[in-house]
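The following explanation leads through one protein chain, from the packing of its helices to its cores and two individual residues. Please keep the sequence and the structure in view while reading.

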Amino acid sequence: MAAKRRYDEDPNQPGDKRMKRLPSFSTVIREAIMVKSVQNLFVAIEPLLRKVVQEEIEKGLLNSPRYVDRSPCMRIEAPAPSLYRLIFKNPPNTPIFTGSKIEDLEGKPLQILLVAGTTGSPSSFPAPIKIELLVLDGDFPSDGNDDWTNEEFNKYIIKERAGKRPLLTGDVSNITMRDGVATIGELQFTDNSSWIRSRNFRIAVRVMPGSYDGPRIREAMTDKFVVRDHRGELYRKHYPPKLNDEVWRLEKIGKEGAFHRKLGENNINNVQDFLRLLNVDPNQLRTIMGPGMSDKMWEITINHAKTCHPGDKIYSHGGENITVFFNSVYELVSVTIGGMLYSLQELPRIHKNYVLQLVQEAYQQQDSLREVDAIPNASLALIQSETVIQGPAGTLPWYPTNQDFQIGGLDDDEASTSFQVEYTGSFHFEPYP
């Protein structure tokens, strides 16, 4: 049995074996809350402290010449203002197929220009500049920003698939820009764009790295587009079509389809043949297409055909004291009567109808057309629907003479405003197709 403690013992002696006093429950709670608050404070200020430390370290590194010289790859790049930029003079003509030559909207080779970064006015350098063409992902730039860093640009460069030829071939690298202009010759894709996530490519151009030392020149790039396999080219419509394009290149006329066969059976093999008959006798052309072509389809087809440029050639065909001049698709451009030039609107109806008949006659005699060098100075439009006067027994063209009419007697003041005409022969009216 332990001896009782005496009241006169010193509690501060080393040998004291008293039980220590336990803290109260409220004290424990207060200390736990205080620790938790400090931890929350550290968690809150940690990102701020990290950012401040990082900025100070980067500032010190960037201001250290020794570090910049030995470790340029560690520099932090920010978008610098572009004093100059490259642009495409005209966008490429789409759609684009693999293996096909890439041209601009005017059918010419792509052209790259150097312009001022702020005003867009043409610029040039005394010395030539080397540029190169690249393929970018159609998703670039991801945020729509038109000012990017070199690192962001390089991230979206697309290379060929494994085992494939270079994605873009032709005049791609080591292109010389002189006086702020560079023309791209042969250029074509070797692969379609279906294998990347965006399914779209962009053609970009930049100054070749290491070939230029001066103010930043911002890269140029086209709008995004789809590159299709060359097999689709075999059935592609042309916009605009050309005169010598096969007629199935027009909208709503399928290759070797029903409309294509009907046109071929009537010797309408290309777009020029189609336009010639359309301008001379549209009703006949509509009949050839048949009821299988709806009015809406017909409208789409002829509107597409009319975008074709007829060229600069002018032909003439003459009748009795009248010569008509028309282009390669029989659109009337000029008329002379007795050596004098007239507009179609100024001609009397009897002459106007005769002119239209001469155009039809020229269509029937295509082998005898004469190409002319000089074009008369009138610009006329071929009327597609006119009232045609037909003489007895269907003799066309009917050219009335003074003997065919009898003018009733009128007073002098009446003759200047009105008169009565009596035709002694016989005729009827038909709508001109």
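At what angle do helix 5 and helix 6 pack, and how far apart are their axes? In this predicted model, the angle between helix 5 and helix 6 is about 125°, and their axes lie 5 Å apart. The two helices are therefore oblique to each other, since an angle of that value falls outside the ranges for roughly parallel, antiparallel and perpendicular pairs. Helix 5 contributes Phe274, Leu277, Leu278 and Val280 to the contact, and helix 6 contributes Pro282, Gln284, Leu285 and Ile288. By class, these residues divide into 7 nonpolar, 1 polar and no charged.

Helix 5 also packs against helix 7. Their axes come within 10 Å and cross at roughly 110°, so helix 5 and helix 7 are roughly perpendicular to each other, a term that covers angles of 65 to 115 degrees. The crossing of this pair is left-handed. On the side of helix 5 the contact is made by Phe274, Leu275 and Leu278, and on the side of helix 7 by Trp298, Thr301, Ile302 and Ala305. Here the division is 6 nonpolar, 1 polar and no charged.

A further partner of helix 5 (residues 271-280) is helix 8 (residues 349-364), packed at an angle of about 150° with the axes 10 Å apart. Angles over 145 degrees count as roughly antiparallel, and this term therefore applies to helix 5 and helix 8. Their crossing is left-handed. Arg276, Leu277 and Val280 of helix 5 meet Val359, Gln360 and Tyr363 of helix 8. The residues of this contact comprise 4 nonpolar, 1 polar and 1 charged.

The next topic is the nonpolar interior. In soluble globular proteins, nonpolar side chains tend to be buried together. The largest nonpolar core of this chain has 38 residues, of which Ile253, Leu263, Phe274, Leu285 and Tyr330 touch the most other members. At least two residues of this core come from each of helix 4 (258-265), helix 5, helix 6 (282-289), helix 7 (295-305), strand 14 (322-326), strand 15 (332-337) and helix 8. A second core, separate from this one, holds 31 residues, including Leu110, Ile158, Leu168 and Ile203.

Two individual residues may now be examined. Thr336 is located in strand 15. Is Thr336 buried or exposed? Its relative accessibility is 17%, and Thr336 therefore counts as buried, for which the value must be under 20%. Apart from neighbours within four places in sequence, Thr336 is in contact with Asn321, Ile322, Thr323, Phe325 and Leu341.

Met221 belongs to strand 11 (residues 220-221). With a relative accessible area of 23%, Met221 is partly exposed, because the value lies between the limits of 20% and 50%. Residues up to four places away in sequence aside, Met221 touches Phe88, Leu136, Phe140, Pro141, Trp148, Arg202, Ile203 and Ala204. One of these contacts joins distant parts of the sequence: Met221 and Phe88 are 133 residues apart in sequence, yet 7.4 Å apart in space, C-alpha to C-alpha.

Finally, the chain as a whole may be considered. Its secondary structure comes to 9 helices and 21 strands. Of its 433 residues, 36% count as buried. Among contacts with a separation of 6 or more, 63% are accounted for by residues 24 or more positions apart.

Conventions: Residues numbered from 1 in each chain as written. Predicted model: local features only at pLDDT ≥ 70, side-chain atom pairs only at ≥ 80, totals over all residues. Heavy atoms only, no water. Axes fitted to C-alpha atoms, helices over the stretch in contact; angles between N-to-C directions. Helix = DSSP H or I, 4+ residues; strand = E, 2+ residues; numbered from the N terminus. Parallel < 35°, antiparallel > 145°, perpendicular 65-115°, else oblique. Left-handed = near helix turned anticlockwise from the far one by under 90°. Contact = heavy atoms within 4.5 Å. Nonpolar A, V, L, I, M, F, W, Y, C, P; charged D, E, K, R; others polar. Core = buried A, V, L, I, M, F, W, Y, C linked by side-chain atoms within 4.5 Å. Buried < 20%, exposed > 50% of the residue type's maximum accessible area, 1.4 Å probe, protein only.
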